[in-house]
Structure formats: C-alpha cells, structure tokens
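Let's take a walk through this one together, a piece at a time. Have the sequence and the 3D view open, and follow along as the names come up.

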Amino acid sequence: MRESMEFDVVIVGAGPAGLSTACRLMQQAQQAERDMSVCVVEKGSEVGAHIFSGAVLEPRALTELFPDWEDRGAPLNTPVIGDEIYLFQDAERAKRIPNSFVPKSMHNEGNYVISLGNLTRWLAEQAEGLGVEIFPGFAAAEILYHENGAVKGIATGDMGVSADGSQKGSYMEGMELHAKYTVFSEGCRGHLGKQLLAKYALDDGVDVQHYGIGIKELWDIDPAKHKPGLVVHGAGWPLDKDTNGGSFLYHGENNQVVVGLVVDLSYSNPYLGPFDEFQRMKQHPVFKNTLEGGKRVSYGARAMTKGGLNALPKMCFPGGLLVGCDAGTLNFAKIKGTHTAMKSGMVAAETIFAALQTDDEGGKELNAFTEALNASWLYDELHRSRNFGPAMHKFGTFWGGAFNYVDQNWFKGKLPFTLHDNTPDYAQLKEASECTPIEYPKPDGKISFDKLSSVFLSNTNHEEDQPCHLTLKDESVPVKRNWGLFSGPEARFCPAGVYEFVEDPEKHDMRLQINAQNCLHCKTCDIKDPSQNITWVVPEGTGGPNYPNM
Amino acid sequence: MKILVMVKRVSDPNVMIRVSADNSSVDLNNVKMAINPFCEIAVEEAVRLKEAGIATEVVALSIGGTQSQEQIRTALAMGADRGILIESEGPLESLTVAKLTQKIIEEEQPGLVILGKQSTDTDNSQTGQMLASLMGWAQGTFASKLEISGEKINLTREVDSGLQTLSLSMPAVVTCDLRLNEPRFASLPNIMKAKRKPLDVKAAGDLGVDLTPRIKTLMVETPNERQGGTVLGSVAELVEKLKTEKGVI
C-alpha cells in the first residue's frame with residue numbers, strides 16, 4: 001500500500017500554467033482568509049529545468065496576476081524595440097517584409113524578450129511565498145481515480161528501479177497525492193493529459209490537434225552586434241513549400257540571443273530532419289552575421305500544441321482540469337502561448353476556488369470552467385486567430401500568410417467562416433518511395449553543429465540504470481513498418497539522437513536502438529511516429545534536460 | 001553523540017559550466033546549483049549513524065550565500081535534525097571555511113565531523129584536513145567504510161595501492177569517498193518536514209575569523225579542446241608514431 005497525502009489541489013507541472021493556477025488559488029484563499037493546501041509536482045530537477053520557449057512574452061496575464069510584478073523583480077528586463085520579418089527565398093537571399101504588410105498579431109509593441117525558464121523560477125518563488133508546496137524532481141507517473149470514475153489525484157513515480165524492473169538499494173516507492181481537484185499542466189502532449197483526453201473523450205467533436213517542434217539555441221554574441229529587444233522572424237527557406245514553419249532570432253539581455261526554428265509536424269517528407277533544417281538555417285546571412293564570432297551556450301527542443309481554438313478539447317472532467325499547452329491554449333497567430341497558458345491557469349484557479357468555497361468535497365466536473373474561459377479574453381483571442389494555422393496548412397506559407405494578413409488586419413479575425421484541417425500530423429507522412437531524400441550540409445562546428453554535441457549542451461541526464469521511458473506498443477513495428485516504408489523517420493525527427501537504426505549482424509536486418517538517456521522530453525516521437533507505436537512515459541524524477549535560461 | 005555534517009552548494013555536476021567573458025571566474029549566472037555529491041554521501045552516513053542509534057543528533061552546517069539554505073534543507077530532508085548557515089557572500093578559501101567551522105565546533109561540541117572528501121567545483125580536498133589540524137583531532141580521509149564501536153572508529157580508506165584501515169579515537173574528522181554509501185532519495189513528506197526544521201543563520205563577520213582572501217585568481221581558462229584520436233593498425237605503427245611524431249620513446 002503506497003503512502004498518501006491529501007491536498008485541496010494538486011497541480012502537475014511547474015510551468016507558467018501550473019504556477020499561475022497555484023498563485024491565483026493562494027491569492028484568493030488569503031483574501032478570503034481560508035486555509036488552502038496546494039501542491040505542485042515537477043519532473044525536472046528544479047523549476048525551469050524543463051522549461052523551453054522562445055520567448056517573447058505578452059505581459060497581459062502576468063499583470064493581472066501580479067500587478068506589481070516590476071517591484072517583485074519579475075525577470076522582464078528587455079522590452080521589444082522592434083520587429084523584423086523576412087521571407088527567405090534561398091540560402092543567400094531574403095526579403096524584409098514591410099511592417100505594414102505583417103499580420104497585426106505578429107507585432108510586438110509592449111512585449112518583452114524573456115527567458116521563460118527564469119520567469120517560471122520567479123513564479124515559483126512567488127508561489128512558495130504564498131504558501132504553495134512545490135516539489136521538483138517528482139514526476140507524476142500515474143492518474144488515480146475514484147470508484148465513480150472521477151480523478152482522485154496522481155501518484156509519483158517509483159525511484160530507484162533498475163532497467164530490468166528490480167528494486168535497487170536506493171528504491172523509494174512512489175507516493176499518492178490525493179486532491180479535491182487535480183490540475184494537469186504538463187505542457188504540450190503531456191503523457192497524463194493524453195490519457196485524460198482518451199478516457200473522458202475530451203476531444204470528441206473538435207478538430208484534430210496539430211503540433212510543431214521548436215528547436216533553439218542560446219548564444220553569447222559579439223557585444224557590438226547585440227541589439228537588446230530586437231525580434232526577428234522568418235518564413236520560407238530552408239523549409240520547402242510543402243512544409244510550414246518559421247525561424248526566429250531574439251536579442252535578450254547580457255549579450256545573448258536565442259535563435260530557433262519551428263517546423264510544423266504536419267510535414268510529409270520522411271527524409272526531413274527538423275534538427276538539420278535548423279542547423280543549415282543558421283548559415284543564412286541574416287542569422288550568420290549575428291552569430292559569427294559568438295559562442296553557443298545551450299541547446300534544446302520541445303513540441304508545441306498549435307491547433308488553437310478549433311482543436312481545443314473540453315478542459316474539465318470529474319475531479320480535474322486541463323490547462324495551458326496540455327490542452328492547447330497557444331495562440332498560433334501570435335506564436336505565443338505563455339500569456340494564454342497563464343490565463344487558463346488563473347481562470348482554472350478561480351473556478352476551483354469558487355467551487356471549494358461552497359463546501360465542495362471535490363471530484364465534480366467543473367463545467368463552470370468552460371463558461372468562464374469562454375467569457376474571458378483568452379477565448380476572444382483564440383477565436384480571432386482560429387483560421388491562422390489552418391490557412392497556412394491549406395494555402396501554404398505565401399498565400400496562407402496573405403490570407404492571414406487580410407483576416408487579422410482587415411477583419412480582426414472576425415471573418416464569418418472557419419477553416420479546418422482534420423488530418424493528424426503523423427498521418428501526413430508519405431512513404432519514402434514517393435519522396436526525395438534531402439542532402440543536408442555537414443556542420444562546420446562554428447555556426448552549425450551535429451546532434452550529439454548539441455544534446456550535450458542541454459545538460460540532459462537520466463539515471464542510467466532504469467526502465468526505458470520510450471515504450472513501444474509493438475517491438476517489430478520500428479523495423480518492419482517505420483524503417484521499411486518510411487526509412488526510419490524517428491532517427492530524423494528526434495532532435496536528440498534518441499532513435500538510431502543500426503545493423504543487426506545476427507539477423508542481417510536493421511535494429512532500432514533507443515538511447516533514452518539523451519531524451520529532451522520534447523514528445524515529438526509520441527506525436528509524429530507514423531505508426532503511433534511510441535508512447536512516451538515519464539522517467540525517474542529529476543531526469544531530462546537541465547536547461548539554464550531557456 | 002552529536003555529528004556535525006558539512007554541506008556545500010556547488011554548480012550541479014550534470015551541467016556545463018563556462019568561463020566568464022573576462023576570464024576572471026566561472027560564470028554561474030543561470031547555472032543550476034546543487035548539493036556537492038560528496039557532501040550528500042556525508043549526510044547519508046551521518047543519518048545512518050543516527051538511525052543505528054550511534055549518533056543522537058545530526059547538525060548540517062553550510063558556509064556560503066543565503067541560497068545555501070536550499071542545500072541545508074536537502075540535508076534536513078534526508079534526515080539531519082537542524083541546520084546552521086554561516087552566511088558569507090564573498091569567495092571563501094578552504095582555510096577560512098575550516099576556521100569558521102572550528103567556531104561552530106567550539107559551540108556545538110560534536111563527537112564527529114563528517115565532510116565530503118572534496119567539492120566538485122574547486123576540487124581542493126583541503127577543508128577536512130585543515131579542520132582536523134586546527135582542532136588537533138584525528139582525521140580519516142577518503143573513507144569508503146566506517147564502523148564505530150564505543151570511542152573508536154574503524155575506517156577503511158581508498159589509497160593508490162589499495163585499501164588502508166585506520167583506527168581513530170574520537171572526536172575525529174572524517175571525509176567521505178564515493179563508495180562509502182549510496183545516498184537516499186528524500187521523500188515528499190520528509191521534504192515538507194524539512195521546511196519546518198530549525199535553521200540558524202549566523203553572519204560570517206560576527207565569528208571573529210579573518211575573512212580576507214589569501215589567494216588571488218589571476219585568470220580562468222577553459223582547457224584546450226581534445227584532439228580526435230585515431231585507430232592504428234598495429235603495435236609497430238604505434239611504436240613508430242611514439243618515436244617519430246611524439247618523440248616520447
């Protein structure tokens with residue numbers, strides 16, 4: 001029998017959504033002079049260790065949560081000073097798009113270039129100051145249910161289990177955390193969120209969810225080239241016309257810039273490697289000129305949920321709520337998800353608090369959450385940008401972009417029709433025989449790099465002797481189907497070199513080797529595996545990247 | 001018997017560190033910090049001695065900035081009873097740390113002090129030895145096994161030629177090697193309890209120890225990047241290369 005602890009609210013994941021939920025709950029409890037126990041579990045070794053985002057922050061939700069964030073020392077130190085948007089034609093040429101032709105949602109006045117990792121670290125301090133218990137290094141491994149089917153809480157994973165499943169000397173059994181309400185804020189494609197969607201059929205009747213993979217690096221650059229607050233976005237090359245995505249370069253503080261690429265996981269060519277696209281992208285003069293002479297500090301990758309309003313599932317179920325990117329509140333038209341994730345967490349906290357104020361025993365389905373969300377600016381914002389993603393999928397970067405300009409600037413997102421895209425990303429992959437292999441240039445070790453030296457900079461680390469957390473439903477599928485038909489796309493879409501097809505001399509065939517220790521917890525494999533055979537489960541707590549200010 | 005166990009806040013050994021742009025120090029901005037792994041082994045050993053009924057109280061001491069409280073809380077969550085932080089924001093040398101610790105020992109009167117054999121940031125391996133000399137106590141360094149019976153400690157240490165067994169009289173200073181034990185995971189209830197355990201904060205300047213640094217760091221550099229190796233076909237080829245290219249034989 002596992003030990004258990006009782007809380008009013010248990011929150012899974014110390015990201016912007018989860019921590020905003022925690023802070024808002026406590027603020028209301030203090031105001032009402034009511035005792036409230038709130039616990040946040042986080043699989044990363046510390047708060048911020050697994051946080052990965054651009055990031056340009058729109059401070060709207062933060063200002064609502066902490067109007068005095070400036071006095072409290074929130075790490076918003078670099079106001080955006082200007083936007084540059086480029087259409088990349090090829091490896092040499094780029095056209096700067098005049099500001100007047102840019103969809104309004106992509107203007108950044110009043111926003112800040114931040115490190116989301118540092119913002120969550122600050123949010124965690126605020127939450128702890130308000131009395132929230134935060135437990136980094138503890139992974140929520142399992143959902144617990146009441147007999148009536150309502151969520152009862154979560155169980156943390158066992159620690160000290162060896163690869164063969166036996167208990168090591170350091171073995172510590174996981175613990176049950178029971179709550180009146182459990183909030184799931186794991187970020188994109190949370191492994192528990194995925195189970196909740198299926199169990200309660202939360203995504204019935206909405207469009208299929210869509211995803212992108214974001215890869216970025218943090219660089220120290222030549223101070224002479226550093227323009228704090230400059231925000232650069234790009235579309236086009238190196239991605240071909242059938243592949244959506246966009247590049248970014250943000251000038252932060254302390255002579256640092258982040259450079260990155262988002263590739264829509266709806267791409268069809270199995271030979272495409274998002275990592276390789278990103279590495280060659282940096283060789284474009286627009287990026288290279290800034291990076292040259294600088295030094296790469298960190299590297300990472302993370303999938304993002306980008307289906308928007310059309311794909312937004314029901315976010316309440318008996319005993320709990322789903323918030324932030326775990327549900328999919330990112331505003332793709334703005335390429336921003338932090339303020340919306342925070343807002344969804346704050347509305348969740350208000351809904352839960354109101355329920356608990358009426359002597360609620362918990363375990364109910366809080367339909368009031370849906371109503372409150374629909375009445376908030378979050379819904380309005382997502383509604384205005386609902387056509388942005390589908391337009392890009394349907395019409396491509398250029399005509400999709402043109403549509404979005406008209407939609408966002410002339411009609412303010414209020415065109416009287418909605419575009420849909422109901423093919424799941426994994427099903428978009430074409431068989432290798434129908435596609436042309438892509439020859440990527442060799443990394444030069446100065447601007448572009450190989451995967452292994454990159455993963456090294458993510459500081460990722462997993463206890464070596466533990467069960468593999470990348471599980472296969474059928475062990476024969478990777479070689480038979482994924483290698484046979486798709487030329488082993490997992491070796492290319494994984495940004496960490498986790499999946500490797502190697503020759504098996506005994507069987508005279510290929511074999512899939514899974515280097516789980518390299519995993520960056522980006523979840524791309526769980527999303528893009530054309531056979532949907534890979535299930536990402538949570539490894540032992542503290543495992544995964546140790547991102548600095550990412 | 002009371003045990004004093006020392007914990008140091010260091011950059012997490014799992015993360016990359018880099019030299020600051022002006023080559024004056026290691027840049028710790030945005031770097032994840034953690035308890036020194038050897039200190040964690042020291043805490044584990046102290047807690048095991050308490051669980052075995054040999055020690056009555058385990059006091060965790062750290063010397064450093066305010067944030068070192070986090071590492072003391074880690075020790076408390078593993079089972080230490082209370083913590084002391086000697087707060088000092090400036091850089092500290094081994095001798096200063098040993099002298100500050102001496103002041104705490106005079107106050108606390110522990111029968112045994114357990115430390116890590118070294119910290120993974122500076123790798124000096126000095127504090128334990130200096131502390132034993134200052135106190136005039138027996139010292140057992142690089143312990144891989146520790147047994148206490150009465151006032152005697154039987155200690156096995158890892159030395160270059162194998163294993164050496166020492167018998168020490170208490171009070172004594174012991175520094176831990178990697179193989180002494182495998183530290184436990186702190187459980188959730190114990191982490192919560194640790195937040196309520198007493199933690200006393202003292203200012204380093206109030207303890208009557210001269211904190212002036214004696215060592216001046218001139219420059220910090222990253223080591224040269226390692227050259228890639230090559231696989232040779234035969235021993236003869238190796239000998240040839242050692243003779244002609246390297247000139248070592």
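Start with strand β18 (residues 295-305) of chain A: eight of its eleven residues are buried, so the strand is largely enclosed by the rest of the structure. Keep in mind that this is a predicted model. What does β18(A) pair with? Strand β14 (residues 211-220) of chain A runs antiparallel to β18(A), and ten bridges join the two. If you want a spot to line them up by eye, look for G212(A), which sits opposite M304(A) in β18(A). Strands of a sheet pair through backbone hydrogen bonds, either parallel or antiparallel.

For contrast, hop over to chain B and find helix α6 (residues 235-246). Is this helix enclosed or in the open? Of the twelve residues of α6(B), the number buried is zero, so the helix lies largely in the open. Just after α6(B) comes G247(B), with a positive phi of about 65°.

Now zoom out to see how chain A is laid out. It is divided into domain 1 (4-67 + 117-206 + 313-384), domain 2 (78-114 + 209-305) and domain 3 (388-419). The pair we just looked at, β14(A) and β18(A), is made of residues 211-220 and 295-305, and domain 2 includes the stretch 209-305. Measure from centre to centre over C-alpha atoms, and domain 2 of chain A and domain 3 of chain A are 21 Å apart. Where these two domains touch, ten residues come from domain 2 of chain A and ten from domain 3 of chain A. On the domain 2 side of that contact you'll find three nonpolar, five polar and two charged residues.

Chain A also has an open sheet of three strands, in the order β3-β7-β4, with antiparallel pairing. Its edge strands are β3 (56-57) and β4 (78-79) of chain A, and each of them pairs on one side only. Strand β7 (residues 112-113) of chain A is joined to β3(A) by two bridges, and the two strands run antiparallel. Within that pairing, V56(A) stands opposite V113(A) in β7(A). While you're in this neighbourhood, check the backbone between G54(A) and A55(A), where the peptide bond is cis with omega about 0°. A55(A) belongs to the loop between β2 (38-42) and β3 of chain A.

Chain B has a cis bond too, from M170(B) to P171(B), with omega near 0°. You'll find P171(B) in the loop between β11 (162-169) and β12 (172-176) of chain B.

There are a couple of other backbone oddities to click on. S487(A) has a positive phi of about 60° although it isn't a glycine, and its place is the loop between α12 (477-486) and α13 (490-493) of chain A. Is it buried or exposed? S487(A) falls in between: it has 17 other C-beta atoms within 10 Å, so it counts as partly exposed. In chain B, S125(B) is likewise a residue other than glycine with a positive phi, near 55°. It lies in the loop between β8 (112-116) and α4 (127-135) of chain B. S125(B) has 16 C-beta neighbours inside 10 Å, so it counts as partly exposed.

Let's stay with chain B as a whole. It has six helices and 13 strands, and its C-alpha trace spans about 65 × 45 × 40 Å along the principal axes. Of its 249 residues, 37% count as buried. Among contacts in chain B with a separation of 6 or more, 70% are between residues 24 or more positions apart.

What sits in the middle of the largest nonpolar core? This core has 205 residues, and those with the most contacts inside it are V5(B), A42(B), V43(B), A46(B), A60(B) and A80(B). Helix α7 (residues 338-357) of chain A supplies the largest share, nine residues. Take A60(B) as one example: leaving aside neighbours within four places in sequence, its contacts include V5(B), V43(B), I72(B), L76(B) and A80(B).

Finally, look at where the chains meet. Here 15 residues of chain B are in contact with 19 residues of chain A. The chain B side has eight nonpolar, three polar and four charged residues.

How values were computed: Residues are numbered from 1 along each chain as its sequence is written. Chains are lettered from A and ligands numbered from 1 in the order in which they are written. This is a predicted model: local features need pLDDT of at least 70, side-chain atom pairs count only at pLDDT 80 or more; totals for chains, interfaces and linings use all residues. Two residues are in contact if their C-beta atoms, placed from the backbone, lie within 7 Å. Ala, Val, Leu, Ile, Met, Phe, Trp, Tyr, Cys and Pro count as nonpolar, Asp, Glu, Lys and Arg as charged, and the others, Gly among them, as polar. Domain bounds come from an automatic or database domain assignment. A nonpolar core is a set of buried Ala, Val, Leu, Ile, Met, Phe, Trp, Tyr and Cys residues joined through C-beta atoms within 7 Å. A residue is buried if 20 or more other C-beta atoms lie within 10 Å of its own, exposed if 12 or fewer, and partly exposed in between; C-beta atoms are placed from the backbone. Helices (H or I, at least four residues) and strands (E, at least two) are DSSP runs, numbered from the N terminus. Two strands pair if DSSP finds at least two bridges between them.
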